[in-house]
Every structure is written in structure tokens, then in C-alpha cells.
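I opened a fresh page for this chain. The plan is to look up a few things in the structure and write down what I find.

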Amino acid sequence: KPRHSPLRVFVEAAELARTARAHAERGETALAKLLHRQWLEREPDAIEPLGYLGRLALMANEIGQSIELLERATVLRPDEPNILQDLGIAYRRAQKLDQATTTLCRAIKIDPTQRRSRLHLGAIQESQGKVHDALVNYFSAVSSAQGKGLWRSRGTTPPALLAMVEHAITF
């Protein structure tokens, strides 16, 4: 007789996922990261822990790790705009600008409201001397955000985006 029934294994996996999400939502990053890793060990093709761990690696400037995780996620779900956005930003930080541009454009095509994607795409275009394209993406990102009450002041702009948003506004 098997030690663990399939139902019990399923329930344990679901509980692990729920607990990982709860800790992430409460901002308990260290524990959430550990639980997401355990979740990924159980389910190597689970999109959510791949995306979460990829985003954490990006925030920690562990760009190689971020790209590895997010590329795995995009193979499994090629049309997930948030994962594409994070992957595009990781490519940009790795100076893989062609891949970043392609990936950010895919995210925007799937979800035109991808403000961070437009902001990063605009920065790439500006660095390449594509001033008009950069202006269009900066304007679109800022006007979309401000229409939702975001990016209107330091208090409504995430600290990690503040310098980019201020630059886009004055561009």
C-alpha cells in the first residue's frame, strides 16, 4: 500500500502553494522564497514559482538567475505579459538589447497597458538614438500611469522606478 495517496500529495502541494503565496503577499520574502523553491522542486513546470523567483532574482540583481528562471517560464507560457516584462527588463540589465526589445514588444502587444515595459523599451530606444520611438513609449507609459493616479508624485511612484519616470516626464 502506498505511503502517500495521490489525493494527499495533491493536498500537500496545494497547501505549499497557498502558504508560499500568503508569505509573498505579506512581504515575508525570505520565507516566501524558500517555499516557492520547495514548490518548484515538487513542480518544475509551475509558472507561478518560476515567475516569483525570477522577479526576486531580478530585484536582487542576480540577472543570470533571473533570465534562466524567466526563460523557463516563457517556454511554458509564452503569452504571459508580466513574465515577458520581467524577462525583457532582465535582458536589458544584461545588455542583451535586441532580446530585451523583442521581449518587451511582445509583452506590450499582448497587453498594451504594460507601463513598465513601455518605460524600459523607451529607455532602450533612447540609448539607440531612436528619439521619436522613445518619446512615444515614454509618453504612453506616463500618461497611462497618470490616468490611473500613478506616477504623479514621489508618493505615487515606486522608488525603483522614480528616476526612470522622472526622466521620461522630462524627455
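Entry 1, the aromatic pair. I looked up Tyr138 and found it buried, because its relative accessible area is 3% and the cut-off for buried is under 20%. I noted that the model is a predicted one, so every value here is computed from it. I then asked how many aromatic pairs the structure holds. I found one. Its members are Tyr138 and Phe171, with ring centres 5.1 Å apart. Their planes stand at 75 degrees, so I entered the pair as edge-to-face; the cut-off for that class is over 60. I placed Tyr138 in helix 8 and Phe171 in the segment after helix 9, and noted that the pair links distant parts of the chain, 33 residues apart. I checked Phe171 as well and wrote it down as partly exposed, because its relative accessibility is 32%.

Entry 2, helix 9. I went next to helix 9, residues 162-170, and asked which of its residues are buried. I listed Leu162, Met164, Val165 and Ala168. Viewed down the helix axis, these buried residues of helix 9 fall within an arc of 165 degrees, so I recorded them as lining one face. I added a reminder on spacing: an α-helix has 3.6 residues a turn, so residues three or four places apart point the same way. On the other side of helix 9 I found Ala163 and Thr170 exposed. I also asked what the buried residues of helix 9 pack against. I found three partners: helix 5 (81-93), helix 7 (115-127) and helix 8 (131-147). I note that helix 8 also carries Tyr138 of the aromatic pair.

Entry 3, the largest pocket. I read its volume as about 350 Å³. I counted 17 lining residues, and those nearest the centre are Ile89, Arg116, His120, Ala160 and Leu161. I found that helix 3 (47-59), helix 5 and helix 7 each give two or more residues to this lining. Which element gives the most to it? I have helix 5 down for that, with four residues. Sorted by class, I logged the lining of the largest pocket as eight nonpolar, four polar and five charged residues.

Entry 4, the second largest pocket. I put its volume at about 220 Å³. I found 13 residues in the lining, with Ile47, Glu48, Gly51, Tyr52 and Arg55 nearest the centre. Helix 1 (6-25), helix 3 and helix 5 are the elements I found giving two or more residues each. I noted that helix 3 supplies the largest share of this lining, five residues. By class, I wrote down four nonpolar, three polar and six charged residues for the second largest pocket.

Entry 5, the whole chain. I finished with the overall figures. I counted nine helices and zero strands. Along its principal axes, I have the C-alpha trace spanning about 70 × 35 × 25 Å. What share of the 171 residues counts as buried? I entered 39%. I also looked up the contacts with a separation of 6 or more, and found that residues 24 or more positions apart account for 40% of them.

Note on methods:
Residues numbered from 1 in each chain as written. Predicted model: local features only at pLDDT ≥ 70, side-chain atom pairs only at ≥ 80, totals over all residues. Heavy atoms only, no water. Buried < 20%, exposed > 50% of the residue type's maximum accessible area, 1.4 Å probe, protein only. Arc of directions from axis to C-beta. Contact = heavy atoms within 4.5 Å. 1 Å grid on protein atoms, 1.4 Å probe; cavity = no way out; pocket = protein on both sides within 12 Å on 5 of 7 lines; lining within 4 Å. Points joined across faces, edges and corners; volume = space filled by probe spheres on them. Nonpolar A, V, L, I, M, F, W, Y, C, P; charged D, E, K, R; others polar. Phe/Tyr/Trp six-rings, centres within 6.5 Å; stacked < 30°, edge-to-face > 60°.
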